[in-house]
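Here are my notes for anyone opening this structure for the first time. Have the viewer ready and click along as you read.

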Amino acid sequence: CINASTGQQVWNVLLDTDILTQSSPVISSNRVYISCTNEYPAVNRSKLFCLYAENGSVDWFNETENAKDISPAVVDGKVFAAGAGNILTCFDALTGEMIWQSTKQITTGHPVVIGNDIYATSDAAVYCVREGTTQWEFPLKAGFLVASSVAVGSGRLIVGALNPYASIPGMIHCINIQTGAE
């Protein structure tokens with residue numbers, strides 16, 4: 001943690017000896033939320049941490065086995081992140097307790113929350129989840145993979161896609177957030 005005015009270090013913390021922090025931290029209500037993983041296929045020990053912003057001490061952590069370190073979203077006392085097996089999961093922001101878990105994986109980008117809807121991506125699809133239930137899913141064309149986080153505004157969701165195995169250009173999809181139709 002760096003003081004924005006002086007550039008001086010305020011605190012630092014070693015979260016785990018073999019866990020990498022590649023996601024962006026999210027700050028909400030004087031807490032810092034960050035997803036970490038060691039990315040060793042044999043023993044993936046991923047965790048979602050909640051730290052106190054004033055001193056970096058760990059408030060709580062949740063074992064999120066085999067989850068990618070995707071930046072969480074924190075809205076209205078809830079943390080939306082990749083849980084065990086990369087499944088989109090909602091945690092209580094104060095306790096770390098799981099509130100609900102969807103059936104959809106979140107493997108790229110980060111979740112975007114608007115009202116009660118969570119928009120997220122797997123490797124080859126974009127979807128909307130509400131209270132753990134999938135409202136719609138938009139599959140990409142065969143061979144294409146999600147290549148960006150989603151942007152949401154004016155009733156539309158925008159996401160980039162590419163085909164890493166072909167010499168064809170990438171695509172930008174514009175999806176209706178109510179119906180999931182392009």
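The points below go through the salt bridges, then a strand with its two hairpins, then a glycine in a loop.

1. A word before we start: this is a predicted model. Please keep that in mind when you read the distances and percentages below, since the side-chain atom pairs count only at pLDDT 80 or more.

2. How many salt bridges does a search of the whole structure find? The search comes back with three. As a general reminder, side chains with opposite charges can pair when their charged atoms come close. I'll take the pairs one at a time.

3. Start with R31 and D59, whose side chains meet in a salt bridge at 2.9 Å, N to O. R31 sits in strand β2 (residues 31-36) and D59 in strand β4 (residues 58-63), so this pair ties together parts that are 28 residues apart in sequence. Click on each partner and look at its surroundings: R31 is buried at 16% relative accessible area, while D59 comes out as partly exposed at 24%.

4. Next, K104 and E137. Their side chains form a salt bridge too, with N to O at 2.5 Å. This one links distant parts of the chain, 33 residues apart: K104 belongs to strand β8 (residues 98-105) and E137 to strand β12 (residues 133-139). Is K104 buried or exposed? It is buried, because its relative accessible area is 19% and the cut-off for buried is under 20%. E137, at 40%, counts as partly exposed.

5. The remaining pair to look up is R130 with D117, where the closest N and O atoms are 2.6 Å apart. Since R130 is in strand β11 (residues 125-130) and D117 in strand β10 (residues 117-121), the salt bridge ties together parts 13 residues apart in sequence. Here the arginine, R130, is partly exposed at 34%, and the aspartate, D117, is buried at 10%.

6. Now have a look at strand β7 (residues 87-92). Why is it described as largely enclosed by the rest of the structure? Because five of its six residues are buried.

7. On one hand, β7 pairs with strand β6 (residues 78-82) in the antiparallel sense, over five bridges. If you want a residue pair to find on screen, take F80, whose bridge partner in β7 is C90. The two strands make a hairpin with four residues between them, and G85 there takes a positive phi near 70 degrees.

8. On the other hand, β7 also runs antiparallel to β8, joined by four bridges. T89 is a handy place to look, as its bridge partner in β8 is Q101. This hairpin has five residues between the strands, and G96 in the turn has a positive phi of about 80 degrees. Recall that β8 is also the strand that holds K104 from the salt bridge with E137.

9. Finally, where is G143? You'll find G143 in the loop between β12 and β13 (145-146), and it is partly exposed, with a relative accessible area of 41%. Setting aside neighbours within four places in sequence, G143 is in contact with L162, N163 and P164. You can also check the C-alpha atoms of G143 and A124: they are separated by 8.3 Å, and the two residues are 19 apart along the chain.

Methods: Residues are numbered from 1 along each chain as its sequence is written. Side-chain values use heavy atoms; hydrogens and water are left out. A salt bridge is a side-chain nitrogen of Lys or Arg within 4 Å of a carboxyl oxygen of Asp or Glu. Buried means under 20% relative accessible area, exposed over 50%, partly exposed in between (1.4 Å probe, protein chains only). Contact means heavy atoms within 4.5 Å. Two strands pair if DSSP finds at least two bridges between them.
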